[in-house]
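Visitor: Please take a close look at one part of this model with me. I would like to know what it touches and what the surroundings are like.

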Amino acid sequence: MAMKLGIAFDLLQKERNERSLCHLYFPSVLFFLIMEVLFWSVFFSGKHKSSLVNDPDQPENSKILKVAIIGAPNAGKSTLSNQLVGKKVFAVSKKVHTTRSQAQGIFTEDDTQIVVLDTPGLINASKVKRHQLERSLLVDPWISVREADLVLVVVDVSDRWTRNKLGFEVLSCLAQNQHIPAALVLNKVDLLKNKSMLLDITVELTEGIVNGKKLEVRSAVQRFCEWESGDVEVGVTSPCPRVPGVKSGTAFASPAALPNEGLCKEDLRKLRDKQGWPCFQDVFMLSAIDSEEVETLKRYLVVGAKPGPWKYHSGVLTDQSPEEICTSAVRERLLEYLPQEVPYNVSQTVEMWHENDNGALDIMVKLYVTKENHLKMLIGQGGHMIGRIAREAGQDLMNVFRCEVKLKLSVKMKK
Ligand SMILES: Nc1nc2c(ncn2[C@@H]2O[C@H](COP(=O)(O)OP(=O)(O)OP(=O)(O)O)[C@@H](O)[C@H]2O)c(=O)[nH]1
Ligand SMILES: [Mg+2]
């Protein structure tokens, strides 16, 4: 317990810094400490799921904002989501389609709760069919957007093939949900040598219109200072000009449940010719790997939250179960170390989940493969590969669960 308390205190110190609280008195330190220990003990004892269904604690003037993070595969959506939550609760990898279904991350600060909806990269039905991907990859981003109060569209500015045009799926999703405010996030700015290109990219991806006005280039920080001083209203949708080339109609008034469901052929054709979206209310330029750069966006979300009841208890960080966090940590390593199609053809089941008396977790996961050569690659010479994946995924789980984790992996051929 002493160790747990020590760790919780480190955690607390980090969060204190992140929140930039200037004055923390001893009783409030104790309060946070108790809350933190309470949360993690709920997590360890496998009762995390029940804490999700328990009534959220509601402060007097509770505020909430549900933010859907959408974009092309590999744009950095999960990296940004983790950074916003302040903990790594979503899998990240350099390969596409790391995120297979929508999941929620939560950060709660004072009276405000931000629910971050991380989504799979937006793709079309033919790709899903061709690569035999799960249906959740197709529909989950759309479902998340419909639930959201704000949509963040993430674009990888380091990808010179995609950075000058919003994908058709992104445009279609925005066009069918025009009633939901959206902001553009230009990500991976650290990889861009010539930063002045960001201005051209912004003009292209917004058609030169932001917040209903012709683009004025100002830094996000300056804009943030204006909100703080009350000069700019945040969280209010500005009247969006009709999307040029797409006629107004009932399709846009009633959001579609499924990709492209609400658009007629003519609308779809016009969207295909479009490059950007003129209805973004703001633009952010950042590197999601850098917590400081994400801070401005985080403040924007907090300031934009609306009065309303919280969705989760303040101690909850994600709606994923511990088992889901475990399989996604393993998956992350599979994507990292195995070539091309191998990780996409591995399925997993959690065979055992046991918490010891000393609080340590014993976990056994079985990996199923369909091909003999995949089996060999996954095990590696002398079990080197599987050992490495188990070790590193186990380490990730220790960081998330903040306890000793023994993760064992076994591999089996699926008949
Ligand atoms: N250099 C740099 N790399 C980044 C940044 N953001 C994300 N990445 C990297 O980009 C890769 C993809 O990141 P993810 O967060 O998994 O991307 P995603 O959009 O969630 O991907 P899918 O779930 O597959 O759609 C990872 O290797 C990240 O480390 C950034 O700001 N800078
Ligand atoms: Mg992802």
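**A helix crossing, and a sheet further along**

Guide: The axes of helix α4 (residues 77-85) and helix α12 (residues 291-304) cross at roughly 75° and come within 10 Å of each other. Axes are lines fitted to C-alpha atoms, for helices over the stretch in contact, with angles from 0 to 180 degrees between N-to-C directions. Helices (H or I, at least four residues) and strands (E, at least two) are DSSP runs numbered from the N terminus.

Before we go on, please keep in mind that this is a predicted model: local features need pLDDT of at least 70 and side-chain atom pairs count only at pLDDT 80 or more, while totals for chains, interfaces and linings use all residues. Residues are numbered from 1 along each chain as its sequence is written, chains are lettered from A and ligands numbered from 1 in the order in which they are written.

Where the two helices touch, α4 brings Leu 80, Gln 83 and Leu 84, and α12 answers with Ser 291, Val 294 and Lys 298; contact means C-beta atoms, placed from the backbone, within 7 Å. The residues of this contact split into three nonpolar, two polar and one charged. Here Asp, Glu, Lys and Arg are charged, Ala, Val, Leu, Ile, Met, Phe, Trp, Tyr, Cys and Pro nonpolar, and the others, Gly among them, polar.

Helix α4 also takes part in the surroundings of ligand 1: with three residues, α4 gives the most to that shell. There are 23 residues around the ligand, and Gly 76, Ser 78, Thr 79, Thr 99 and Gly 121 come nearest; near means a C-beta atom, placed from the backbone, within 6 Å. By class, this shell holds eleven polar, eight nonpolar and four charged residues.

Now let us move along the chain to a sheet. It is open, with three strands in the order β10-β11-β12 and mixed pairing. β10 and β12 are the edge strands, each pairing on one side only, and neighbouring strands are turned by 15° against each other on average, direction ignored. Strands pair if DSSP finds at least two bridges between them.

On one side, β10 (residues 347-355) pairs with β11 in the antiparallel sense over eight bridges, and Trp 353 stands opposite Ile 363. The hairpin of these two strands has five residues between them, and Gly 359 there takes a positive phi near 90°. On the other side, β11 and β12 (residues 405-413) pair in the parallel sense over nine bridges, with Leu 367 opposite Val 411.

In a regular strand, side chains alternate between the two faces of the sheet. Strand β11 (residues 361-369) shows this: Leu 361, Ile 363, Val 365, Leu 367 and Val 369 point to one face and are buried, whereas Asp 362, Met 364, Lys 366 and Tyr 368 point to the other and are not. Buried means 20 or more other C-beta atoms (placed from the backbone) within 10 Å, exposed 12 or fewer, partly exposed in between.

Helix α15 (residues 384-401) lies across β11 and β12, running at about 140° to β12. Glu 336, in helix α13 (residues 322-337), is partly exposed because 17 other C-beta atoms lie within 10 Å. The C-alpha atoms of Glu 336 and Ile 389 are separated by 9.3 Å, although the residues are 53 apart along the chain.

For the wider setting, the protein chain comes to 15 helices and twelve strands, and 40% of its 415 residues count as buried.
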